[in-house]
Every structure is written in C-alpha cells, then in structure tokens.
Amino acid sequence: MQRDIVQRPGINVGHADARPVARTSLPGNLLAPSAARRFVRAALTEWTRLGLPTAVGFSERLADDASVVVSELVTNAVVHAGTHVELLCRLEEAAEDEAAALVLEVSDHHPARAVRSERPEAGGAAEEAEGEAPAGPEEPAEYGRGLQLVGTLAERWGITYRTGLKTVWARLPVDDWNPFPEPSAEPGFQQGLRAAELLAPSARRALRDDADWAGRGALSFLAEASDLLAGQLDEDIVAALAGQLLVPRLADWCAIWLEPENGGPSAVPRLASVWHRDEAETGQLRTVLEQGPIRLPERVGTGPVSMPWPGGEEDGTEAESDGRTGSALAYRITSGGRTLGAVLLAREGTARVPDEVTALIEDFVRRVGLAVGAARAYTRQATISRILQRALLPSKVADIPGVTSSLVYEPSDDGVVGGDFYDIFPCPGDRWCFVLGDVQGSGPEAAVVTGLARPWLRLLAREGFGVGEVLDRLNRLLLDDAMEAAEAAALMVAAAGGQQTADTGQSRFLSLLYGELVPLPGGGVRCTLASAGHPLPLLLRPGGEVRPAAEPQMLLGIFDDVAYESQSFELAPGDSLLCVTDGVTERRSGALMFDDGDGLAMALADCTGLSADGIADRIKRAVHEFAERPPDDDLALLVLQAG
C-alpha cells in the first residue's frame with residue numbers, strides 16, 4: 001500500500017532519512033497535462049544535476065515514459081474528477097528486493113468519481129490498492145486506453161483512497177529501463193502508441209485514418225467531444241479542449257479566436273488557443289498567427305472556408321511557408337445566430353481535406369459554439385451574482401469587545417446568489433447585534449428578500465427595539481411587502497387582459513437567528529436571542545457540556561399573528577455559541593443528515609478547548625467530510641466565544 005505523503009512545496013532534496021520529493025498543484029483544466037509533463041522533466045533534470053545516487057540510472061526513455069504516464073493520470077483526474085490536481089514525484093532508493101524507482105502520484109479531491117476504465121475486466125485494477133499491468137484486449141477502442149499504457153509502462157500501479165482524496169500512483173523502475181519489447185506490429189501495441197500520442201502529442205505524427213471518419217469513428221469522436229465540452233463554464237477551457245480534440249486526430253495544428261462578448265464591428269478577436277502536434281512549434285505558430293486575426297464574414301455560413309497558409313503569400317488551398325505545404329480551413333463559431341469566433345486548422349503535406357472530414361469538423365465546431373455560448377451565459381450570471389452578493393452582505397463584521405467571533409460562509413454555487421446571509425453590527429446602548437438568516441430558495445428571488453431583511457434589521461435594532469420586537473416588526477414588513485407585490489402583479493395581469501392566477505404573489509419567508517450581546521462588568525456577555533424557524537444555536541461550556549440556547553418558533557413571513565419571544569443567558573468566559581444554517585444540519589449522505597441523532601451537538605462537544613477559529617474550522621471539515629459529494633446547499637456558521 002502507498003504511504004502517506006508529507007506535503008513539501010517545490011523540489012526538495014532529502015537527507016539520508018528522506019526521499020527526494022517534488023510536488024506541485026495544477027488547475028482543474030485541460031492545460032494541466034502539459035504543465036505536469038514539464039514539471040516531471042524539470043524534477044528529473046534537477047535531481048540529475050544534483051548528482052543524487054538514484055539519478056544515475058536516469059535516461060531519456062525514463063523521462064519520455066514518465067511524461068506519458070503523468071499525462072494520462074492528470075488528464076484522467078481533470079476530466080473525470082473535475083477538481084484541481086496535486087502531483088507528486090518521489091525517488092525511492094534501491095532495496096534488497098526492489099530496484100530504484102520513480103514514483104508518480106496524482107491526487108484529486110473527488111474520490112466518489114471512479115478512475116475510468118474502458119473494459120469491464122479492467123475494473124479490478126482500479127478497485128484494488130495495487131495492480132499489475134492489465135493485458136490489452138484483442139480489439140482496443142480508438143481512444144481512452146491511457147490506463148493500459150500506465151500499466152504497460154509502470155512496474156506496478158494502484159489507487160489509494162483517503163477522506164476527501166483519491167490518489168492514483170505508478171512506480172517506474174530507474175535502472176535497466178526497457179519496459180517495451182522490440183517494436184511490434186501487434187494491433188494492440190500500435191493502438192497503445194496512438195493513445196499515448198493523443199494524450200501527450202509529440203513530434204511523431206499520430207496515425208490518422210480518414211476513411212474511418214465516415215463511419216463509427218465520427219460518431220465516437222462527436223460523442224466524446226460533446227461529453228467533454230458539456231458543462232464547461234469557462235470559454236478559455238472550451239477553446240483549450242477543442243484544440244486538444246482536433247490535434248492530432250483531425251489536423252496537424254489549429255488555432256481558435258474568440259470575439260469579445262461586448263465588442264462591436266471594430267473589436268479585434270482574441271487568439272484564445274493554439275495547438276500543434278509538435279509542442280516545440282506551438283510558440284512559433286502562435287507568433288505568426290498573432291500578426292493577423294481572422295474574422296469570417298456572415299455570408300460564408302458555418303461551412304469550411306479555404307485559407308492561405310499562415311506566413312505564405314498564396315491564396316489557394318495549398319500554400320508554402322518555410323518549405324512546408326498544406327491545406328488550411330477556417331470555420332465560424334456561432335451560437336444562437338451570433339458569431340462568437342473562428343477556428344483555423346491545417347494539415348501539412350496535403351492539398352485537400354476529405355469531404356467527410358470537413359463535414360465532421362463543421363459538426364464539431366457547432367458543438368464548440370454551443371459550449372462557448374453556454375460558458376458566456378454562465379459568466380454573465382456569475383458576474384451579476386458576485387455583484388449582488390457583495391452588495392447584500394456586509395463588507396466587514398464588527399469586532400465585539402470581550403468576544404472572539406469566527407465566520408464561515410460558502411455559497412453552494414458561484415453562479416447563483418446564495419440564500420444565506422449574516423451580519424454583526426454595533427447598536428446604541430453598548431449593544432452588539434448578530435444575525436444569521438436563510439431565505440427560501442436562491443438567485444434573484446432570494447436576493448430580493450435579503451436586500452429587504454438585512455437593512456430592516458439594522459434599522460429596527462438601532463431604533464432600540466428588543467429582540468422579540470425586532471422579529472415581530474420584520475415579520476409584518478415581509479408580509480406587507482409580499483402583499484404589495486401580489487397586488488402589483490395582479491394589476492399587471494389585469495392590464496394585459498390576462499387571468500389572475502391563485503399563485504400571483506411571491507412567497508417571501510425566511511428563517512432567522514437574531515441576537516444581541518451586552519458586555520458584563522466582571523467579564524463575559526449577556527446574550528439575548530430568538531430563533532424564527534432556524535436551526536437552534538448550541539452553547540458549549542468549557543467542561544464539554546452542549547445544550548440548545550433558544551426555543552423553536554415560526555418562520556418569518558408566513559403568519560401575521562405570531563408574537564416572537566426571546567431567551568437570555570450569560571455567555572461566561574470560555575463559553576462558545578455556535579450558530580448555523582440548515583446547510584450544516586441538513587447536509588446529506590444518502591438517507592442520513594448531519595444532525596441526525598444530535599450529530600451537530602456531538603461534533604461541537606469534540607471541540608472543547610478550541611478557539612473560535614478552531615471550532616469553526618472543525619465543524620466545517622466535519623460537514624464536508626460527512627458525504628463524498630460536495631455540499632449542494634449554502635453553508636454558513638458563526639462562532640461567538642467569550643474571552
């Protein structure tokens with residue numbers, strides 16, 4: 001089994017009792033594999049330069065195969081787990097029964113997502129802690145055989161699961177490096193080489209069979225492209241994915257320009273992605289292409305347009321530049337009738353791209369357009385959401401004399417305004433008030449209620465009303481506002497000649513925990529609070545005793561004949577008050593919830609002796625670790641600890 005790894009940033013050289021280790025973090029996008037390859041080569045180069053004993057056995061073949069292995073593992077983690085990736089390279093000295101080895105570890109933060117395997121019998125290796133190289137099938141699939149390559153190149157490989165973490169590792173022997181037999185004409189071996197080149201393009205030209213695109217190959221390619229592009233929320237990632245799918249499958253190189261979203265006819269397209277089958281030539285190609293962005297006229301439609309070879313002087317489908325000849329085609333990227341950019345791709349050494357391939361690329365570019373359009377729509381929504389969130393939440397919470405506070409706030413979706421809100425503010429009379437609320441739903445509807453409730457709370461508190469009176473008046477205000485909204489909607493429907501429905505009004509109710517703190521002369525504070533349909537706050541005493549600090553009452557905004565009551569108690573030095581939203585108590589793992597069987601109280605009891613920050617961090621981690629999937633609701637918690 002794999003040992004736990006001690007995190008060390010950068011490339012470290014161990015002493016006699018430590019192994020040389022290199023570690024880095026990579027973003028969760030399809031640019032990560034190339035960065036991983038460069039990082040591994042840099043680590044091997046550094047260890048060789050330092051003259052480490054194990055590095056004597058390094059060879060160019062080791063560097064090449066380590067690059068292929070890390071490329072597959074990182075690609076698998078990015079595509080199928082969707083989180084950022086941790087990469088670790090470690091040298092192991094030779095032992096009595098084992099040769100020296102290079103160990104590569106790739107970790108993602110979504111252990112519920114299984115490592116993808118392309119045939120049922122391959123699943124055994126993924127399910128065991130350690131596996132030998134799997135045997136290749138007689139007729140391997142066209143793509144996705146990366147784990148078989150890992151098994152072939154590595155002495156052994158396997159998977160280690162930890163809480164919130166999945167690590168796929170591979171052990172490559174350093175000395176006598178020759179994992180491959182002599183070149184073989186076996187179909188499985190040739191397909192394995194092709195898969196390696198698809199995942200980590202090299203100077204060697206990938207095998208390309210245009211005739212296959214007329215049948216099953218085209219359908220497989222479009223299905224793979226749709227799966228990868230669907231759900232991408234960043235247009236630059238869409239462009240990077242598109243380039244990696246096209247090269248070297250259908251072209252030797254490609255470039256993608258994207259129009260500015262709010263630009264007019266005079267706006268200049270941005271070169272978003274450049275891919276070349278030989279990574280060493282990408283920089284030079286980008287330099288040439290940056291000199292003249294392309295913008296295809298509307299009249300050409302979405303089909304292929306013959307273009308001159310970049311850097312050449314001829315205008316036909318075949319041009320020459322730097323002694324090279326080839327065919328270049330351009331396609332408009334569109335979505336919803338709007339032009340979003342253009343794709344330029346080329347093949348070297350051919351005067352014409354087959355019709356079945358040009359038609360396939362047109363279908364592919366159409367999918368790219370849909371993905372870019374969806375990513376831009378999400379970006380607009382996320383921008384609006386961030387602006388609203390900043391306006392609806394306090395820029396700074398007040399410091400309470402004699403009380404240490406710690407706040408955790410995590411919206412469930414960066415692209416949607418959350419329903420949870422909080423506030424801590426001073427009031428006349430040496431009082432400090434705190435609020436933790438949860439509006440029904442999320443998005444604009446929740447933003448409307450939050451935008452009403454938080455200013456009203458501050459106004460009512462500063463007018464001197466008690467805790468129960470503040471909730472009484474806030475409840476009345478919410479009901480009045482909902483009634484006015486319903487009447488306005490009914491008038492609009494009537495003016496338009498429509499029929500008023502029973503659901504014309506908009507529900508505006510929320511759960512709320514509201515309280516005030518008054519410092520006491522001898523230390524500690526007097527706390528008065530009330531809970532309106534909200535998870536009850538918990539009081540933690542220094543001895544480990546935990547008890548609810550309020551009584552349950554009705555949600556705000558439902559009934560107008562509710563009289564809210566408050567409870568008062570002393571928060572003595574060392575006491576801690578934990579306030580949470582239902583994103584904590586109702587966090588689900590299958591049929592279970594986090595607070596089942598007083599789960600929150602038990603977790604708080606384990607926090608005895610911790611600071612306010614320590615309690616908040618431990619409760620947050622417990623909530624996240626309760627289930628393998630990320631939280632699907634807003635999460636907010638506030639800890640108040642008397643000094």
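In which helix is Thr585 found? Thr585 is found in helix α12, which covers residues 582-585, where helices (H or I, at least four residues) and strands (E, at least two) are DSSP runs numbered from the N terminus. The model described here is predicted, so that local features need pLDDT of at least 70 and side-chain atom pairs count only at pLDDT 80 or more, while totals for chains, interfaces and linings use all residues. Residues are numbered from 1 along each chain as its sequence is written, and side-chain values use heavy atoms, with hydrogens and water left out.

## Overall picture

The protein has 14 helices and 24 strands. Buried residues make up 50% of its 643 residues, with buried meaning under 20% relative accessible area, exposed over 50%, and partly exposed in between (1.4 Å probe, protein chains only). Among contacts between residues at least 6 apart in sequence, 67% join residues at least 24 apart, a contact being heavy atoms within 4.5 Å.

## Some residues and their surroundings

The table gives the place and relative accessible area of several buried residues.

| Residue | Place | Relative accessible area |
|---|---|---|
| Thr585 | helix α12 (582-585) | 9% |
| His534 | loop between β17 (525-532) and β18 (538-540) | 5% |
| Trp169 | strand β6 (165-173) | 6% |
| Ala549 | loop between β19 (546-548) and β20 (567-571) | 5% |

Apart from residues up to four places away in sequence, Thr585 touches Pro535, Val580, Met593, Phe594, Asp595 and Leu600. With the same kind of neighbour left out, the residues that His534 touches include Leu436, Gly437, Asp438, Ser511 and Val580. Ala549, again leaving aside neighbours within four places in sequence, is in contact with Leu529, Pro537, Leu539, Gln567, Phe569 and Leu577. One of these partners, Gln567, is 18 residues from Ala549 in sequence and 7.7 Å from it in space, C-alpha to C-alpha. Trp169 and Leu73 are 96 residues apart in sequence, and their C-alpha atoms are 8.3 Å apart in space.

## Aromatic rings

Rings of Phe, Tyr and Trp (its six-membered ring) pair if their centres lie within 6.5 Å, and planes under 30 degrees apart count as stacked, over 60 as edge-to-face and the rest as tilted. By this rule the count comes to three aromatic pairs. In one of them, the rings of Phe594 and Phe626 have centres 5.5 Å apart and planes at 90°, so the pair is edge-to-face. Phe594 lies in the loop between β23 (592-593) and α13 (599-605), whereas Phe626 lies in the loop between α14 (612-625) and β24 (635-642), so the pair ties together parts that are 32 residues apart in sequence. Phe594 counts as buried at 8% relative accessibility, while Phe626 is partly exposed at 24%.

The ring of Phe569 has a charge over it: the charged end of Arg547 sits 5.8 Å from the ring centre. A charge sits over a ring if NZ of Lys or CZ of Arg is within 6 Å of the ring centre and within 35 degrees of the ring normal.

## The largest pocket

Rolling a probe the size of a water molecule over the atoms shows where empty space is left. On a 1 Å grid over the protein atoms alone, a pocket is an open set of points where a 1.4 Å probe fits, with protein on both sides within 12 Å along at least five of seven lines, and lining residues have an atom within 4 Å of a point. Grid points are joined across faces, edges and corners, and a volume is the space filled by probe spheres set on the points.

About 1500 Å³ of space lies in the largest pocket. Its lining has 44 residues, of which Ala81, Gly82, Thr83, His110 and Pro630 are the closest to the pocket centre. Helices α2 (60-81), α6 (216-229), α7 (235-246), α9 (355-392) and α14 each supply at least two residues of this lining. By class, the lining has 16 nonpolar, 14 polar and 14 charged residues, where Ala, Val, Leu, Ile, Met, Phe, Trp, Tyr, Cys and Pro count as nonpolar, Asp, Glu, Lys and Arg as charged, and the others, Gly among them, as polar.

## Backbone details

Most residues other than glycine have a negative phi, and most peptide bonds are trans. A cis peptide bond joins Val247 and Pro248, with omega about 5°, and Pro248 is found in the loop between α7 and β7 (253-258). Asp430, although not a glycine, has a positive phi of about 55°; Asp430 is found in the loop between β14 (420-427) and β15 (431-439) and counts as partly exposed at 44% relative accessibility. Asp598 also has a positive phi of about 55° without being a glycine, and Asp598, in the loop between β23 and α13, counts as exposed at 54% relative accessibility.
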